[in-house]
2 protein chains.
Amino acid sequence: MAPTIGVFDSGFGGLTVLRELRNVLPGANYLYFGDTAHLPYGAKSVRTVAKYAIASAHFLEQHGIEMLVVACNTATALALDDIRAAVRVPVVGVIEPGAQRAAEISQTKKAVVIATDATVSSHAYQRALHQFGMEATEKACPLFVPLVEEGWVEHPVTEQVSHIYIDQVFQDAADGKPNGADVLVLGCTHYPLLRPLLRRVVPEHVEIVDSAESTAAKVVEILGKESGRGSTGNLRCYATDSIEKFQRLGGKFLGQPIENIELVDIEK
Amino acid sequence: MAPTIGVFDSGFGGLTVLRELRNVLPGANYLYFGDTAHLPYGAKSVRTVAKYAIASAHFLEQHGIEMLVVACNTATALALDDIRAAVRVPVVGVIEPGAQRAAEISQTKKAVVIATDATVSSHAYQRALHQFGMEATEKACPLFVPLVEEGWVEHPVTEQVSHIYIDQVFQDAADGKPNGADVLVLGCTHYPLLRPLLRRVVPEHVEIVDSAESTAAKVVEILGKESGRGSTGNLRCYATDSIEKFQRLGGKFLGQPIENIELVDIEK
């Protein structure tokens with residue numbers, strides 16, 4: 001029987017992970033939970049993010065999921081262990097798969113990671129990459145999420161902001177020469193929408209690793225390819241705030257229109 | 001005896017209102033509540049904003065305030081009536097004072113209002129300005145809050161974004177000529193930090209109205225100038241998330257360092 005996979009994010013970004021999951025396991029059933037009443041997690045504390053993430057995970061567990069994908073870099077960085085301790089189903093985060101993929105393709109064993117303030121402050125990517133023998137330079141890009149949500153994914157302003165955030169990171173602080181990094185890890189689920197623009201901004205020899213793809217591959221590894229074969233499974237979405245906005249913005253991230261969204265309250 | 005005034009916002013922006021209040025009523029005592037665990041309100045629904053705003057108002061009322069200033073445009077736009085119904089003390093919002101001030105100085109009786117998505121969608125400024133005999137063009141500027149929080153208040157990117165948001169608004173849709181507006185209302189408490197930059201972007205004949213100033217004047221009108229005379233009163237701040245971030249960012253908005261911040265949970 002097809003498995004039911006829970007996918008959790010603070011908002012819409014995790015839909016880029018869901019999109020990859022449905023590519024590789026189309027027959028699985030999916031419950032997507034967007035904690036939109038509390039987004040963005042990127043600027044919140046560990047304590048607050050853990051509280052909301054656990055409440056969301058409990059909700060999904062009560063609705064019958066057999067596996068939970070934490071499709072939110074901030075929640076993974078700040079609260080993955082807390083979430084694992086709070087539920088009985090296996091939990092996959094987005095950070096380790098992205099770090100592992102970076103290590104597989106890097107020749108120089110040096111990566112640059114771009115993410116939100118909270119993810120960078122946690123140094124979760126640095127730790128994960130280190131475990132795979134990689135050095136990491138982390139760079140917070142707090143304007144990328146609002147720029148994506150404004151719809152400016154191919155806008156001159158976004159290109160200018162990208163140059164400001166990224167150009168210097170690939171240079172050595174001491175002499176201004178290339179720092180040797182040959183991988184850029186997109187450490188936020190909003191960033192895959194900026195991938196074409198970032199491809200033009202980032203030095204040519206640098207490969208871009210999208211955690212959404214790597215995470216989907218990890219889930220296949222755990223569940224087996226057979227588990228999600230066959231005809232398209234069900235998708236049901238839950239949001240803690242405005243259904244209308246979820247429908248409007250979410251479609252951009254999933255790459256297709258979203259129906260079947262239910263408003264829920266996890267603070268009761 | 002000096003009054004105790006409660007000032008409420010979703011985050012730090014309301015500190016621009018507190019700053020003006022302390023200018024005109026230095027002797028009053030202030031309790032500032034920043035609901036930082038739930039910020040930003042700008043993209044949330046009426047239902048969610050009202051729930052958080054009322055919980056915050058109750059908290060301040062239980063701590064002895066004699067008047068409540070809702071120093072948040074989104075909360076005022078979406079939930080002022082709900083907040084008034086939920087507490088016993090007088091409640092002043094930021095929208096009506098700004099609209100009244102705009103009407104006082106406008107010759108053409110046409111204003112442009114810039115604000116968050118939620119404030120614009122509510123058309124609260126349009127209604128308030130209409131009551132004072134003014135026509136209003138409302139424009140959402142969702143990138144301004146993240147740009148201010150990034151600290152880019154005098155940055156070329158912010159200037160470019162301002163031109164994109166604002167240039168067309170002062171033109172007539174039909175013939176591209178000036179639309180006659182002679183006032184720009186800053187309909188978000190983050191925007192006073194952009195005032196010097198906006199002064200350069202906005203046409204010269206247009207006056208800028210800062211709701212923070214107008215709101216402080218309204219409070220003086222209600223309480224009387226005498227009430228807040230004398231030596232500097234106490235200031236105590238409450239936040240629902242990271243004290244550290246409140247301290248770091250809040251100081252920019254208040255114009256001086258902030259001590260005396262307490263972490264509180266309004267969801268219990």
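Here are some questions and answers about this predicted model.

User: Glad to have a look! What are the ground rules for numbering and for the values in this model?
Analyst: Residues are numbered from 1 along each chain as its sequence is written, and chains are lettered from A and ligands numbered from 1 in the order in which they are written. Side-chain values use heavy atoms, with hydrogens and water left out, and in this predicted model local features need pLDDT of at least 70, side-chain atom pairs count only at pLDDT 80 or more, and totals for chains, interfaces and linings use all residues.

User: Why is chain A said to be as compact as a globular protein of its length?
Analyst: Happy to explain! Chain A holds 11 helices and 10 strands, where helices (H or I, at least four residues) and strands (E, at least two) are DSSP runs numbered from the N terminus. The globule rule, 2.2 Å times the number of residues to the power 0.38, is set against a radius of gyration taken over C-alpha atoms. For 268 residues the rule gives 18 Å, and chain A is as compact as a globular protein of that length because its radius of gyration is close to that, at 18 Å.

User: Which strands of the open sheet β6-β5-β7-β8 in chain B stand at the edges?
Analyst: The order is β6-β5-β7-β8 (chain B), with parallel pairing; strands pair if DSSP finds at least two bridges between them. An edge strand has a single partner, so one side is left without a neighbour in the sheet. In chain B these are β6 (135-140) and β8 (207-210).

User: What is the bridge partner of B:K110 in β6(B)?
Analyst: Strand β5 (residues 110-115) of chain B runs parallel to β6(B), and 6 bridges join them. The partner of B:K110 in β6(B) is B:E135.

User: What angle does helix α10 of chain B make with β8(B)?
Analyst: Helix α10 (residues 211-223) packs on the sheet, touching β7 and β8 of chain B; contact means heavy atoms within 4.5 Å. Axes are lines fitted to C-alpha atoms, for helices over the stretch in contact, and angles run from 0 to 180 degrees between N-to-C directions. For α10 and β8(B) the angle is about 55°.

User: Why does A:C72 form no bond with A:C188?
Analyst: A disulfide is a pair of cysteine sulfur atoms within 2.5 Å, and a search of the whole structure finds 0 disulfides over all chains. A:C72 counts as buried at 3% relative accessibility, buried meaning under 20% relative accessible area, exposed over 50%, and partly exposed in between (1.4 Å probe, protein chains only). The sulfur of A:C188 is the closest cysteine sulfur to that of A:C72, but too far for a bond, at 7.9 Å.
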